[in-house]
Amino acid sequence: MTRTASTKHPGPRTPPAAGRVRRLPPPWRKAVLTLHVTVAVGWAGVEIAQLLLGLIGLFTDDAAVARATHVVMEILGIELVSGIAWMTLLTGLLLATATQWGLLKHYWIVTKLVLTVALMLDGHFLLQHWLREQAEAGGASGSLGLRLVVSMSVALVLLVAATALSVYKPWGRTRRGRRPAARSARP
């Protein structure tokens, strides 16, 4: 079976119409999606590890174990989570803006964006401060350890919710997503 010249050499690509976003080619979209899923799952994994460490530190009677868990939690929460969170946000924004989904066209994407930003702000303004305070205290504060466990539990639930949103894609399109695409009036 031979290919015709038109299928073998389809010609130059036409630029996107005015106002349309350039789409990622499928291999790039798949690569960015793979990176996005990997870092998002990594973020959830770090939250699980921190939650377990927080529970161990909260319920142990051994001061050395409590101190060790707090130091590891501080390293994970400050050094690792911020990079993972930023990578999750950036790859998510790229996927939303450079694919057919659009950033503000579907409620599930808007909700995931809000959850991600809220988790990042919580991590930056509350968790990092609490983790440093706990590591410096060396396990002396039970109420601080409880706050961390509760906060990490909530973060983990929100990350699982964001994952579920990606799978189920509920709620349909936003008002912006329901608008018909602007067509060029040029002949």
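**Stop 1: the pocket walls**

Select α2 (26-59), α3 (63-97), α4 (107-137) and α5 (142-168): each gives at least two residues to the lining of the largest pocket. Keep in mind that this is a predicted model. Colour α2 separately, since α2 supplies the most, with eight lining residues. The volume of this pocket is about 750 Å³. In total, 32 residues line the largest pocket. Now show His36, Leu95, Trp108, Lys112 and Ser166 as sticks; these are the lining residues closest to the pocket centre.

**Stop 2: the whole fold**

Zoom out. The protein has six helices and zero strands. Trace the chain from its start and the pattern reads α-α-α-α-α-α. Switch to a surface view. About 12300 Å² is exposed, and carbon and sulfur atoms supply 66% of that area. Of the 187 residues, 31% count as buried. Now turn on contacts. Take those between residues at least 6 apart in sequence: 76% of them join residues at least 24 apart.

**Stop 3: the tryptophans**

Go back to Trp108, one of the residues closest to the centre of the largest pocket. Is Trp108 buried or exposed? Trp108 has 8% relative accessibility, so it counts as buried, the cut-off being under 20%.

Add Trp101. A search of the whole structure finds one aromatic pair. Trp101 and Trp108 form that pair, in an edge-to-face arrangement, with 5.4 Å centre to centre and 80° between the planes. Trp101 has a relative accessibility of 30% and counts as partly exposed.

Next, add Lys169. Lys169 lies over the face of Trp108, 4.9 Å from the ring centre. For a second case, select Arg147 and Trp130. Here Arg147 lies over the face of Trp130, at 5.1 Å from the ring centre.

**Stop 4: the loop between α5 and α6**

Stay with Lys169. Where is Lys169 in the chain? Lys169 lies in the loop between α5 and α6 (175-178). Check the backbone torsion: phi of Lys169 is near 45°, a positive value in a residue other than glycine. Why flag that? Most residues other than glycine have a negative phi. Lys169 is partly exposed, at 33% relative accessibility.

Move along to Trp171, which lies in the loop between α5 and α6. Phi of Trp171 is positive too, at about 80°, although Trp171 is not a glycine. Trp171 counts as exposed because its relative accessibility is 54%, and the cut-off is over 50%.

**Stop 5: Thr111 in α4**

Select Thr111, in helix α4. Which residues does Thr111 touch, leaving out those up to four places away in sequence? Thr111 touches Leu165 and Trp171. Draw a C-alpha to C-alpha distance from Thr111 to Leu165: it reads 8.3 Å, across 54 residues of sequence. With a relative accessible area of 27%, Thr111 is partly exposed.

**Stop 6: Glu74 in α3**

Finish at Glu74, found in helix α3. Show the residues it touches, not counting those up to four places away in sequence: Glu79, Leu131, Arg132 and Ala135. Pick Ala135 and draw the C-alpha distance to Glu74. The two are 61 residues apart along the chain, and their C-alpha atoms are separated by 6.6 Å. Glu74 counts as partly exposed, at 23% relative accessibility.

Note on methods. Residues numbered from 1 in each chain as written. Predicted model: local features only at pLDDT ≥ 70, side-chain atom pairs only at ≥ 80, totals over all residues. Heavy atoms only, no water. Helix = DSSP H or I, 4+ residues; strand = E, 2+ residues; numbered from the N terminus. Buried < 20%, exposed > 50% of the residue type's maximum accessible area, 1.4 Å probe, protein only. Contact = heavy atoms within 4.5 Å. Areas by Shrake-Rupley, 256 points an atom, 1.4 Å probe, with all protein chains shown as cover. Phe/Tyr/Trp six-rings, centres within 6.5 Å; stacked < 30°, edge-to-face > 60°. Lys NZ or Arg CZ within 6 Å of the ring centre and 35° of its normal. 1 Å grid on protein atoms, 1.4 Å probe; cavity = no way out; pocket = protein on both sides within 12 Å on 5 of 7 lines; lining within 4 Å. Points joined across faces, edges and corners; volume = space filled by probe spheres on them.
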